[in-house]
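User: Got a minute to go through this one with me? I'd like to talk side-chain contacts and whatever else turns up.

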Amino acid sequence: MTNRLAQIGADGETLVASYLESRGATIIARNWRIKGGEIDLVARLDGMLLFIEVKSRSSAKFGHPLEAIGPEKAFRLQRLALAWIATHDQWGADYRIDCAAVHFRSGLKPEIEYRAGVL
């Protein structure tokens, strides 16, 4: 991954974290990793755990950012959420898996498209 792509991804995650915090969420973890993958953001909002996958793009050349989440990625996100719950002894907690698309367009303010409970 190039530094530019990594920076776009990191900037997108920071924007989504700020977006969530402005709506009352508390960010618990960023880039939580285990052997099976990574969860971009883990947050708590109104007693519910949120596991957020962030996809950022600087153009529409490769399609909508959320199109990158296919069935295999969705299944991986579900496994990762359960692994986080097990690792942090949060059995029985209400949770959902959300996705966020961040559109960076030259000369324009970045746009966040947030979808709650999509998986």
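User: Is Arg105 buried, exposed or partly exposed?

Analyst: This is a predicted model, and in it Arg105 is partly exposed, at 38% relative accessible area.

User: Which side chain does Arg105 meet in a salt bridge?

Analyst: That would be Glu111, with 3.5 Å from N to O. Glu111 is partly exposed too, with a relative accessible area of 43%.

User: How many salt bridges are there by this rule?

Analyst: The count comes to seven. One of them joins Glu72 and Arg76, at 3.4 Å from N to O.

User: Where do Glu72 and Arg76 sit relative to each other?

Analyst: They're both in helix 2, four residues apart, so about one helical turn separates them. Glu72 is exposed at 61% relative accessible area, while Arg76 is partly exposed at 25%.

User: What about Glu53, what does it form a salt bridge with?

Analyst: Lys73, and the closest N and O atoms are 3.5 Å apart. That pair links distant parts of the chain: Glu53 belongs to strand 3 and Lys73 to helix 2 (residues 71–87), with their positions 20 residues apart in the numbering.

User: Are Glu53 and Lys73 buried or exposed?

Analyst: Glu53 is buried, with a relative accessible area of 3%. Lys73 comes out at 18%, and the cut-off for buried is under 20%, so Lys73 counts as buried as well.

User: Which residues are linked with Glu53 in a network of salt bridges?

Analyst: Lys55 and Lys73.

User: Switching topic. How many cavities of 30 Å³ or more does a search of the whole structure find?

Analyst: One. The largest cavity holds about 30 Å³ of space.

User: Which residues line the largest cavity?

Analyst: Glu53 turns up again, along with Ile39, Asp40, Phe51, Ile52, Leu77, Ile97 and Asp98. By class that's five nonpolar and three charged residues, with no polar ones.

User: Which strand gives the most to that lining?

Analyst: Strand 3, with three residues. Strand 2, strand 3 and strand 4 each supply at least two.

User: Phe51 is in that lining list. What does Phe51 pair with, ring-wise?

Analyst: Let me take the aromatics in order. There are three aromatic pairs by this rule. One is Tyr19 with Tyr114, which is tilted: 5.5 Å centre to centre and 35° between the planes. Tyr19 lies in helix 1 (residues 3–22) and Tyr114 in strand 5 (residues 111–115), so this pair ties together parts 95 residues apart in sequence. Tyr19 is partly exposed, at 24% relative accessibility.

Analyst: Now for Phe51: its partner is Tyr95, in an edge-to-face pair with 6.0 Å centre to centre and 75° between the planes. Phe51 is in strand 3 (residues 48–57) and Tyr95 in strand 4 (residues 95–103), 44 residues apart, so to speak a link between distant parts of the chain.

User: Are Phe51 and Tyr95 buried, exposed or partly exposed?

Analyst: Phe51 is buried, at 3% relative accessible area, whereas Tyr95 is partly exposed at 36%. Ring pairs also bring in Trp84, giving a cluster of Phe51, Trp84 and Tyr95.

User: Last thing. In what sense do strand 1 and strand 2 pair?

Analyst: Antiparallel, over seven bridges, with strand 1 covering residues 26–34 and strand 2 residues 37–45. The two form a hairpin with two residues between them. As for individual bridges, Arg33 has Glu38 in strand 2 as its partner.

Notes: Residues are numbered from 1 along each chain as its sequence is written. This is a predicted model: local features need pLDDT of at least 70, side-chain atom pairs count only at pLDDT 80 or more; totals for chains, interfaces and linings use all residues. Side-chain values use heavy atoms; hydrogens and water are left out. Rings of Phe, Tyr and Trp (its six-membered ring) pair if their centres lie within 6.5 Å; planes under 30 degrees apart count as stacked, over 60 as edge-to-face and the rest as tilted. Buried means under 20% relative accessible area, exposed over 50%, partly exposed in between (1.4 Å probe, protein chains only). Two strands pair if DSSP finds at least two bridges between them. On a 1 Å grid over the protein atoms alone, a cavity is a set of points where a 1.4 Å probe fits but cannot get out, and a pocket is an open set with protein on both sides within 12 Å along at least five of seven lines; lining residues have an atom within 4 Å of a point. Grid points are joined across faces, edges and corners, and a volume is the space filled by probe spheres set on the points. Ala, Val, Leu, Ile, Met, Phe, Trp, Tyr, Cys and Pro count as nonpolar, Asp, Glu, Lys and Arg as charged, and the others, Gly among them, as polar. A salt bridge is a side-chain nitrogen of Lys or Arg within 4 Å of a carboxyl oxygen of Asp or Glu.
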